[in-house]
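Trainee: I should like to learn how to read the overall fold and the interior of a protein model. Where should one begin?

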Amino acid sequence: MTDFPTSARAVIIGGGIIGCSTAYHLAKLGWDVVLLERKKLTSGTTFHAAGLVGQLRSSANITQMLGYSVDLYKSLEEETGLGTGWKMNGGLRLACNEERWTEVKRQATTAHSFGLEMQLMSPKEAQDLWPLMTVDDVVGAAFLPTDGQANPSDITQALAKGARMAGARIYEDTKVLSINVEKGVIKSVETEKGRIETPVVVACAGQWTRALAKTVGVNVPLVPMEHQYMVTERIEGMPANLPTLRDPDRLTYYKEEVGGLVMGGYEPNPKPWATDGIPPGFHYTLLDSDYDHFQQIMELSLGRVPALETAGIKELVNGPESFTPDGNFILGEAPELRNFYVGAGFNAFGIASGGGAGMALAEWVARGEPPYDLWPVDIRRFGRPHFDDDWIRTRTVEAYGKHYTMAWPSEEHDSARPCRKSPLYELLKADGAVFGEKLGWERPNWYADTAAGEVQHDIYSFQRPNWHEAVAREHRAAREAAVLFDQTSFAKFALKGPDAEAALNWIASNNVARPVGSLIYTQMLNERGGIECDLTVVRVAEDEFYIVTGTGFATHDFDWISRNIPEGMNAQLFDITSGSAVLSLMGPKSRDILEAVTRADVSNAAFPFATSQIIGIAGCPVRAMRVTYVGELGWELHLPVEYATAVYAALHEAGAKHGLSNAGYRAIETLRLEKGYRAWPSDIGPDHTPDQAGLGWAVKMKSNIDFRGRAAIQEQRTKPLPKMLATFTADPEVVLSGRETIYRNGERVGWLSSGGFGHTVNKSIGLGYVRNPEGVTADYIRSGSWELEVATVRVPAEATLDPLHDPKMQRVRA
């Protein structure tokens with residue numbers, strides 16, 4: 001085949017909506033793009049997608065991305081001349097009990113926060129929009145007028161045409177045989193028709209992506225799942241402009257199609273598919289309809305749409321879709337292989353995501369970073385458990401089954417647990433620990449007093465949950481006596497080599513060129529000055545640094561540091577997470593307890609704040625780090641795992657007379673909110689600079705040391721800040737969980753990035769960015785009259801830039 005290309009700047013593998021959208025956007029950015037499809041465009045899973053397009057998600061940026069899809073689908077037909085089936089008929093969501101109604105009202109407030117006008121409706125108003133349904137059990141509904149529906153195949157063909165118009169070359173019936181990598185560098189793609197030399201590969205191969213990526217050592221955690229929906233014959237009286245309908249209490253969704261209905265749902269007992277591998281040659285193929293399995297969905301739908309009892313059934317579509325362990329799709333550059341990008345695992349909302357995801361992935365390829373913070377879908381959110389097929393499948397089955405269940409605040413997954421455990425797991429469990437899970441790690445969230453009748457498990461609620469008083473107890477102990485947190489799950493790295501200081505000073509925004517034993521809190525910035533990492537660094541030797549970061553950011557932060565070590569510098573990064581346990585001893589009595597278990601001098605003069613020393617406890621060499629994330633005097637104690645139980649016992653024995661007790665991560669959250677300590681990625685992240693976050697003091701701008709992001713910070717300091725992080729408080733009866741809308745003098749100016757309760761100040765607390773294109777100053781914050789919208793109701797609030805507790809840090813630094 002003489003016209004088959006021999007080279008390309010990027011090769012996209014997969015001709016579904018994501019691959020074609022990425023080709024469309026990358027070609028418009030001027031790239032020489034080749035897209036390869038093993039069979040025909042859309043023949044994998046796109047052709048059988050249901051085609052509902054909703055926008056609202058719990059992340060502002062993912063909502064923005066889906067909003068981009070809507071804007072693109074509006075204009076694509078005019079641009080390409082091909083129909084897309086796009087119809088902006090709005091989307092309706094029902095609530096059939098008071099808790100769901102609270103959830104819907106909170107979603108409406110989230111929509112308002114993100115600039116979408118979601119309208120609340122009575123059951124009768126909802127029925128007027130959707131006259132085929134009964135509403136006897138409906139409490140209320142929400143309507144988003146800019147949602148809609150589309151024809152998946154038509155949109156994909158239009159994107160493909162637009163890509164060709166911009167210069168992309170698309171080849172169907174072209175199977176990829178291998179991706180050739182030499183010494184960690186992509187060299188070419190081998191196909192049935194020949195080799196294409198390329199430095200960049202974008203894997204958009206749907207449910208085939210995991211197997212494809214595995215051939216080059218890249219892990220993509222997704223699972224093919226059976227997903228069924230029914231298509232009816234024409235139904236008399238069907239309005240042509242019927243909105244899409246989601247009825248989560250009945251686990252079902254609906255859309256109008258050619259005078260009939262499409263009805264599908266998310267059953268609680270889903271069926272994984274192709275557990276031993278996808279059959280060769282599988283394309284344009286549906287699975288056998290499983291009427292017995294679909295019966296539970298059908299029965300639920302009949303109570304909502306009685307017309308389905310007599311409607312003729314055209315077909316019951318059973319098509320495999322790729323789902324992920326957390327229900328979010330997967331985008332970005334693989335941490336294992338440079339210039340290998342992934343767009344896959346769309347959890348049956350690939351059509352809604354397709355336009356925006358392709359745009360974002362193309363920007364990521366072309367510019368080396370996404371257009372904005374995409375952490376909820378970033379491939380680097382995964383880690384060690386996600387390599388195991390059985391673990392991934394077990395967790396993904398749970399995530400699928402929760403698609404329409406209540407999205408409770410602080411909800412934890414139950415499946416595939418326990419996986420990674422601290423040496424103290426059984427001891428803490430016996431003391432009443434209720435565990436959460438992050439990146440496979442079991443972590444104590446709170447401790448139940450079982451002797452007093454507290455149940456040792458979470459009971460979720462949109463009001464105060466069952467752990468509220470237990471966390472208050474732990475919170476008070478931290479403020480008045482001392483607590484012990486098991487934070488073994490911290491990610492821990494060692495950066496070693498003669499150029500370690502120079503490399504780290506380039507990557508870190510704070511100055512790490514300090515004496516051995518210094519502890520440095522620092523961010524790591526992108527070229528826009530946005531915060532990519534937020535972590536602690538200890539200089540343990542002239543040529544070695546010990547780096548500690550959050551559990552869930554292990555893959556992301558390791559990748560960011562390692563790929564930003566300047567070329568030619570002799571510095572190596574090692575993940576040493578599993579080698580150390582971490583016990584954080586915090587509270588005003590922590591020094592008294594530490595003095596009782598070590599011969600080291602831990603006075604303020606001998607062991608000042610922001611320093612680290614090796615001390616002995618119970619025969620163990622402990623790296624003690626004087627730092628706090630709770631606003632109290634304290635130390636993180638890092639020690640070899642084999643000593644953990646002995647050191648734990650020694651601390652509790654010595655601490656008994658001082659009131660030492662165990663505490664969990666939910667107390668850490670309430671304590672840090674009172675101090676105004678920021679959390680990545682909610683309060684700080686790639687879209688927020690240190691100055692905007694109130695962390696400019698941790699940036700080495702007064703030195704002449706260059707670092708990544710310095711130019712952006714320098715430029716930012718020449719003009720007013722467009723946003724600023726502030727702390728908000730409200731009446732203790734108000735429940736804040738994040739994403740509540742912020743109003744200043746009656747105008748919407750932002751939303752809360754974090755929400756919770758402060759047990760010392762006895763107020764509800766939230767952190768959030770106040771936005772103003774003309775600039776935000778301290779006076780702007782202090783002079784405003786503030787309200788928060790909570791579940792569509794505005795409540796009075798106060799704003800401050802100061803910590804709510806111990807603003808001068810008297811106890812912390814004493």
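**Reading the fold and its cores**

Mentor: One may begin with burial, bearing in mind that this is a predicted model. Of the 814 residues in the protein chain, 61% are buried.

Trainee: What radius of gyration does the protein chain have, and why does it agree with a compact globule?

Mentor: The radius of gyration is to be compared with the value expected for the chain length. A compact globule of 814 residues would come near 28 Å, and the protein chain has 27 Å, so the two agree. Its C-alpha atoms fill a box of roughly 80 × 65 × 55 Å along the principal axes.

Trainee: How many helices and strands does the protein chain contain?

Mentor: There are 18 helices and 38 strands. As for sequence separation, among contacts between residues at least 6 apart, 71% join residues at least 24 apart.

Trainee: Which residues touch the most other members of the largest nonpolar core?

Mentor: This core has 51 residues, and those with the most contacts to other members are Val53, Met65, Leu159, Val202, Phe329, Leu331 and Leu374. Elements that each supply at least two of its residues include strand S1 (10-13), helix H2 (60-80) and helix H8 (350-367). Helix H8 gives the most, with nine residues.

Trainee: Which residues does Met65 touch, beyond those up to four places away in sequence?

Mentor: Met65 touches Phe329, Leu331, Gly356, Ala357, Ala360, Tyr372 and Leu374. A second, separate core of 43 residues includes Leu92, Leu132, Leu308 and Leu316.

Trainee: What share of the exposed area do carbon and sulfur atoms supply?

Mentor: The protein chain exposes about 30200 Å², and carbon and sulfur atoms supply 49% of that area.

How values were computed. Residues numbered from 1 in each chain as written. Predicted model: local features only at pLDDT ≥ 70, side-chain atom pairs only at ≥ 80, totals over all residues. Heavy atoms only, no water. Helix = DSSP H or I, 4+ residues; strand = E, 2+ residues; numbered from the N terminus. Rg over C-alpha atoms; globule rule 2.2 N^0.38 Å. Buried < 20%, exposed > 50% of the residue type's maximum accessible area, 1.4 Å probe, protein only. Contact = heavy atoms within 4.5 Å. Areas by Shrake-Rupley, 256 points an atom, 1.4 Å probe, with all protein chains shown as cover. Core = buried A, V, L, I, M, F, W, Y, C linked by side-chain atoms within 4.5 Å.
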